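Got the model open in your viewer? Keep the selection box handy, and we'll go through it stop by stop.

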Amino acid sequence: MLAWLEVVGRGAVFLVRVLGGLPGAAFRGRELLRQIGRVGAQSMVLILVSGAFVGMVLGLQGYNMLVRFGAEESLGLAVALALVRELGPVVSALLYAGRAGSALAAEIGLMKTTEQLAAMGMMAVDPLRRVIAPRFLAGVLSVPLLAAMFSAVGVLGGQFVGVGLLGVDDGAFWSQMQAGVDFRDDVANGIVKSVVFGVVVTWISLFQGHDAVPTSEGVSRATTRSVVWSSLAVFGLDFVLTSLMFND
Amino acid sequence: MAAEPTRAPPPAAPEPLVAVEGLTFHRGPRPVFDSLDMTMAKGEITAVLGPSGAGKTTLLKLIGGELRPDGGRVLVGGKDVHRLSRSGLYTLRKRMGVLFQAGALFTDLDVYENVAFPLREHTRLSEETIRDVVLLKLEAVGLRNARGLWPRELSGGMARRVALARAIALDPEIVLYDEPLAGQDPISAGVLVTLIRQLNDALGLTSIVVTHDVEEISAIADRMHVLSGGKCIATGAPAEIRASGESSVRQFMQGLPDGPVAFHFPGPPVAEDLLGAAAGAPGGNPAAARA
Amino acid sequence: MTRDRKIEAAVGLFVAAGLAALLMLAVRVGNLTLQSDAGSYQVTARFENIGGLKVRAPVSMSGIRIGQVVALGFDPETYEAIATLEIEGGYDRVPTDSSASIFTAGLLGEQYISISPGVDTEFLTPGDEIGLTQSAVILERLIGQFLFDKASAGDGD
């Protein structure tokens with residue numbers, strides 16, 4: 001229990017120091033670009049393909065459900081709301097944790113094991129500012145974009161199944177969606193969610209790598225832990241955020 | 001870079017640049033250092049010798065301010081390392097170069113960028129000047145033509161030489177070497193030892209080498225400290241240490257398997273274990289050699 | 001240096017795709033209109049009961065959407081609900097004696113305000129109040145009324 005509290009405490013101090021390094025990271029354009037390329041762009045294909053399939057499944061399931069009430073015109077609305085409010089932010093955060101978060105934890109853990117972080121510190125360069133902060137910022141910027149792509153592709157996937165295969169009217173699909181989805185309540189809240197998930201998942205992953213026992217076993221455990229804790233944090237926070245945002 | 005004249009061997013009592021005074025450090029309940037005293041003189045190569053687990057790497061981390069001691073202090077150039085602010089510590093660290101055990105090259109940068117890293121971080125030099133400095137430093141370690149390689153393409157010895165070039169990129173006053181010879185073949189170890197001596201003299205450095213490779217380092221060190229049991233048990237020029245009659249120093253210098261550092265892991269004697277019915281730990285506890 | 005160019009291209013593609021997705025969610029899915037209609041104007045209407053009417057509910061006339069509800073308030077003196085309606089600029093010829101009713105789209109759909117045009121030759125201007133209103137139909141109340149009527153009718157037999 002005490003050990004666990006210690007980890008939480010170290011994690012909090014870590015976050016504060018990384019946040020202190022953010023202004024500097026924002027000015028390291030090239031490094032930031034490189035890291036966005038690694039954590040964001042490399043997760044893109046995974047996100048797009050997953051989003052398309054999730055949208056298609058939603059189209060299929062939603063149609064089967066709605067057609068019983070003769071409300072299949074609302075398919076667009078159902079698909080869009082499910083994606084924009086929940087599945088887009090949550091699933092893309094989980095995929096990001098598995099694809100990029102684990103890679104970040106492994107990379108930082110390896111840099112610690114091979115004394116690269118210590119070497120940097122001895123060169124009077126704070127590794128939290130130089131190495132961690134740009135990766136953190138890149139993650140926080142990338143996740144909302146990934147979530148938006150997931151939702152957008154998902155809507156198109158739902159349209160493909162609903163309109164293209166099941167014969168829902170295209171005009172009704174879009175107009176019901178537009179009438180029912182509100183930008184601020186639904187889209188903006190979904191984006192806020194994904195920003196929070198981006199902060200938390202990137203933080204947990206970087207911290208697990210930085211806190212890893214500097215052996216190969218320690219790094220592999222840190223990698224696993226980063227995914228486990230990130231996923232739990234995403235689900236837990238999703239509940240909290242949902243009850244704060246959508247309970248009117 | 002080699003503009004400075006080669007220094008004559010330093011006088012008998014040179015001024016200390018690094019002084020360790022009454023240093024005490026615990027790792028868990030186990031004391032690593034118990035009121036350790038030693039000095040490293042300016043311009044000299046000081047070797048810190050000791051068996052594995054004697055805390056040699058810990059000593060470097062304490063000198064570099066990466067760890068905090070439980071007692072005592074470390075003075076570098078008259079400043080107490082552990083009473084400096086973070087920025088004061090970083091200013092001090094710019095005057096130190098550290099060569100980590102396996103080099104600790106940044107894996108996402110190539111050789112050239114690794115050496116350029118401290119320059120880019122701490123100076124506002126133009127790209128041409130950085131290029132000149134990097135090539136000169138790489139030339140000094142004989143790897144100018146390896147500048148386009150990646151760390152994963154280097155052998156262990158080459159990686160250490162690149163790391164050495166990086167450690168001296170900012171022209172530090174002190175270079176700390178953490179086990180520079182561990183796991184090196186004789187040729188590679190010879191190259192590194194020669195480099196340490198040459199760079200020390202050519203650049204007017206003060207070098208601190210922690211190692212257990214007695215033979216190789218004896219050839220170049222001006223002064224040696226032998227650590228054992230958290231204390232410095234012998235200090236002097238290599239020849240003096242070699243001639244020491246003290247048993248634990250002799251055991252270490254001559255590589256004897258048994259002596260004050262026991263071959264057998266502490267425990268009940270073998271006769272008791274084999275003959276006594278209830279003696280010994282369950283499952284048997286094989287004697288572990290403390291190499 | 002080709003490595004750098006590749007990274008830049010990948011990041012560029014990533015950011016562009018992400019922003020495009022955001023734009024699609026905002027405009028195509030969320031129906032966000034970036035600039036508010038310059039000519040739009042607001043009028044109010046008082047209702048005894050607004051039922052489940054929400055802010056941003058559509059306001060329609062003859063089934064055509066002409067605006068939306070932008071605010072809902074309460075008048076503590078008369079105990080009436082006050083709905084503020086924003087009518088788009090193109091629909092500036094709504095007669096002053098029009099009436100506003102709260103209807104439900106379908107049996108279970110959302111509620112909206114329907115304006116039935118009057119016959120006056122003067123038109124609503126910003127800040128005007130629609131005098132004639134018809135409150136939301138509360139299904140439970142109707143059912144209750146129906147059952148009560150049935151019961152009293154049964155007694156009479």
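Start by selecting B:Asp108 and A:Arg34: their side chains meet in a salt bridge, 3.1 Å from N to O. By salt bridge I mean a side-chain nitrogen of Lys or Arg within 4 Å of a carboxyl oxygen of Asp or Glu. This pair crosses between chains: B:Asp108 sits in the loop between strand S6 (96–99) and helix H3 (111–122) of chain B, while A:Arg34 belongs to helix H2 (residues 29–67) of chain A. Helices (H or I, at least four residues) and strands (E, at least two) are DSSP runs, numbered from the N terminus.

A word on what you're looking at: this is a predicted model, where local features need pLDDT of at least 70 and side-chain atom pairs count only at pLDDT 80 or more, while totals for chains, interfaces and linings use all residues. Residues are numbered from 1 along each chain as its sequence is written, chains are lettered from A and ligands numbered from 1 in the order in which they are written, and side-chain values use heavy atoms, leaving out hydrogens and water.

Keep B:Asp108 selected and add A:Arg135. These two also form a salt bridge, with the closest N and O atoms 3.9 Å apart. In total, the interface of chain A and chain B has four salt bridges. Add to that eight residue pairs in polar contact (both at pLDDT 80 or more) between chain A and chain B. A polar contact is a pair of N or O atoms within 3.5 Å; within protein, one must be able to donate a hydrogen and the other to accept it, and residues adjacent in sequence count only if both atoms are side-chain atoms.

Which helices of chain A should you colour here? Helix H4 (116–122) and helix H5 (127–165) each supply at least two residues of the side that touches chain B. H4(A) gives the largest share, six residues.

Now show the whole A–B interface. Here 17 residues of chain A are in contact (heavy atoms within 4.5 Å) with 21 residues of chain B. About 1,800 Å² is buried between the two chains, and carbon and sulfur atoms give 58% of that. Buried area is the accessible area (1.4 Å probe) that two parts lose on being put together, summed over both.

Next, swing round to chain C. Its contact with chain A takes 24 residues from chain C and 29 from chain A. Together they bury about 2,300 Å², 74% of it on carbon and sulfur atoms. How many salt bridges are there between chain C and chain A? The count is one. Select A:Arg30 and C:Glu8 to see a salt bridge whose closest N and O atoms are 3.3 Å apart. The rule also finds one residue pair in polar contact across this interface (both at pLDDT 80 or more).

Finally, hide the partners and look at chain A by itself. Chain A has eight helices and zero strands, and its C-alpha trace spans about 70 × 40 × 30 Å along its principal axes. Before you close the session, zoom back out: over all chains, the structure holds 30 salt bridges.
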